[in-house]
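Welcome to a short set of exercises with worked solutions. Have the sequence and the model open beside you, and try each task before you read on.

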Amino acid sequence: MQDGSNLSDHILSDHIQAECARLDADSDFAGVITDIAESCAAISKLVRHGRLAGNMAAEHDTNVQDETQKELDIVSNNLLIEHADKGGHLIAVASEEMADSLIFSQDNTRGKYLLVFDPLDGSLNIGINAPVGTIFSVLRAPEGATGANEDFLQPGSSQLCAGYVLYGISTEMVITFGAGVAIFTLDPDDGIFKMTDSHLTIAEDTSEYAINASNQRFWEAPVQRYISECLAGKDGPRGRDFNMRWVGAMVADVHRVLSRSGVFTYPVDEKIRARGGRLRLMYEANPMAMIVEQAGGLASTGHGRIMEIAPHNLHQRAPVILGSKNEVQRLIDYYSELDSNLDSNLDSGA
Ligand code: F6P
Ligand code: MN
């Protein structure tokens, strides 16, 4: 720090104030982020209690995605909503766990912001005491907004703030306001998020990738090519060995990419083509894409920038390829080669 103090003396509330001043944002904007942080601190406390807090892996109904909701999914969703409602800074929230947005105010007395979140990402990990997280994205409400689903349908490039909280060995919030990425670690002694990295960057090169390899037979040709070249290692065209990791919670897998480089992929494949992908655009792909780009990486569908997709549905899915610049670019190049071969075959009538 310039004044000689420790990085961790810079706490999240200072950072929020500084970013609000830089963006010339109002106090509601600061309130939105503060409420998210308080919700996540409460979720962290629950997660830390594990089985002592009851059976957080207990199964409930299926959500709008047709996925079984776990107790902790529901509790986390409620915590975020309660803090947002009490704070009074949002017009509406939308969540992975709710079919439609929840409107707090239609008379614009509650600021001009919208919040969309995945309250508990990777919830299959709850039952095995493995990492889970919360992902969030803050949008400006359009002129005349009522808080209905349509108001949320903005491209990722419109996000004002994006972040996630990883409930891992420690609880960390990774956040961007569009000018770099910072990490805040939750101090278990006083419950304050303290800065532990002021400017996170992803190395441009990497020898580590993350993909659910059980889907291999459904992959598209560019993904088949990329992964088979990685697997060929030193003896193949890449001339070096690659490592593979898959935690099964996007927050944890992306955090590894941000921490030590890598490529994280959940491409569209034949099995999920009709759904458009596996991960949800508004509260998984877009916030992660903003963080990764702000850290110097790339975030693509294979055919274009994730953050340029014009959404048509709150819960729509998107293919995701993100992380270290040069590896993501390589996969994009493989997609372009395929596209141009298809085009020239069409032109020649083949
Ligand atoms: O939220 C969806 C999610 O759980 C992500 O966190 C994770 O990356 C992915 O799904 C895991 O997918 P799979 O079940 O195919 O491993
Ligand atoms: Mn998720």
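## Exercise 1: Met244 and its surroundings

Met244 sits in strand 12 (residues 243-244). Strands here are DSSP runs of E with at least two residues, helices are runs of H or I with at least four, and both are numbered from the N terminus. Before we start: this is a predicted model, in which local features need pLDDT of at least 70 and side-chain atom pairs count only at pLDDT 80 or more, while totals for chains, interfaces and linings use all residues. Residues are numbered from 1 along each chain as its sequence is written, chains are lettered from A and ligands numbered from 1 in the order in which they are written, and side-chain values use heavy atoms, with hydrogens and water left out.

Task: Describe the exposure of Met244 and find what Met244 touches.

Solution:
- Step 1. Met244 has a relative accessible area of 34%, so this residue is partly exposed. Buried means under 20%, exposed over 50%, and partly exposed in between, with a 1.4 Å probe and protein chains only.
- Step 2. Setting aside residues up to four places away in sequence, Met244 touches Tyr209 and Ile211. Contact means heavy atoms within 4.5 Å.
- Step 3. Glu327 is 83 residues from Met244 along the chain, and their C-alpha atoms are separated by 14 Å.

## Exercise 2: The manganese site

Task: Which residues coordinate the manganese ion (ligand 2), and how are they spaced in sequence?

Solution:
- Step 1. Look for donors, meaning N, O and S atoms within 2.8 Å of the metal (3.2 Å for Na, K and Ca); water is not among the atoms, so sites may look incomplete.
- Step 2. Asp118 (OD), Asp121 (OD) and Glu284 (OE) coordinate the manganese ion (ligand 2), at 2.0 to 2.2 Å.
- Step 3. The sequence spacing of these donor residues reads D-x2-D-x162-E.
- Step 4. Asp118 belongs to strand 5 (residues 113-121) and Glu284 to helix 7 (residues 281-294), so the pair ties together parts that are 166 residues apart in sequence.
- Step 5. Asp118 and Glu284 are both buried.

## Exercise 3: A loop serine

Task: Where is Ser101 found, and which backbone oxygen does its side chain reach?

Solution:
- Step 1. Ser101 is in the loop between strand 3 (90-95) and strand 4 (102-103).
- Step 2. With a relative accessible area of 13%, Ser101 is buried.
- Step 3. Its side chain reaches the backbone oxygen of Gly147 at 2.6 Å. A polar contact is a pair of N or O atoms within 3.5 Å; within protein, one must be able to donate a hydrogen and the other to accept it, and residues adjacent in sequence count only if both atoms are side-chain atoms.
- Step 4. Not counting residues up to four places away in sequence, Ser101 touches Val93, Ala94, Gly147, Ala148, Asn149, Phe152 and Leu314.

## Exercise 4: Positive phi

Task: Asp24 and Ser261 each have a positive phi. Is each of them buried or exposed?

Solution:
- Step 1. Phi of Asp24, which is not a glycine, is about 60°. Asp24 is in the loop between helix 1 (12-23) and helix 2.
- Step 2. Asp24 is exposed, at a relative accessible area of 70%.
- Step 3. Ser261 has a phi near 80° and lies in the loop between helix 6 (250-260) and strand 13 (263-266).
- Step 4. Ser261 counts as buried, at 10% relative accessibility.

## Exercise 5: The largest pocket

Task: What is the volume of the largest pocket, and what lines it?

Solution:
- Step 1. On a 1 Å grid over the protein atoms alone, a pocket is an open set of points with protein on both sides within 12 Å along at least five of seven lines, and lining residues have an atom within 4 Å of a point.
- Step 2. The largest pocket has a volume of about 500 Å³. Grid points are joined across faces, edges and corners, and a volume is the space filled by probe spheres set on the points.
- Step 3. The lining has 25 residues, and the closest to the pocket centre are Glu67, Gly122, Leu124, Gly248 and Arg278.
- Step 4. Strand 5 gives the largest share of this lining, three residues.

Note on methods. 1 Å grid on protein atoms, 1.4 Å probe; cavity = no way out; pocket = protein on both sides within 12 Å on 5 of 7 lines; lining within 4 Å.
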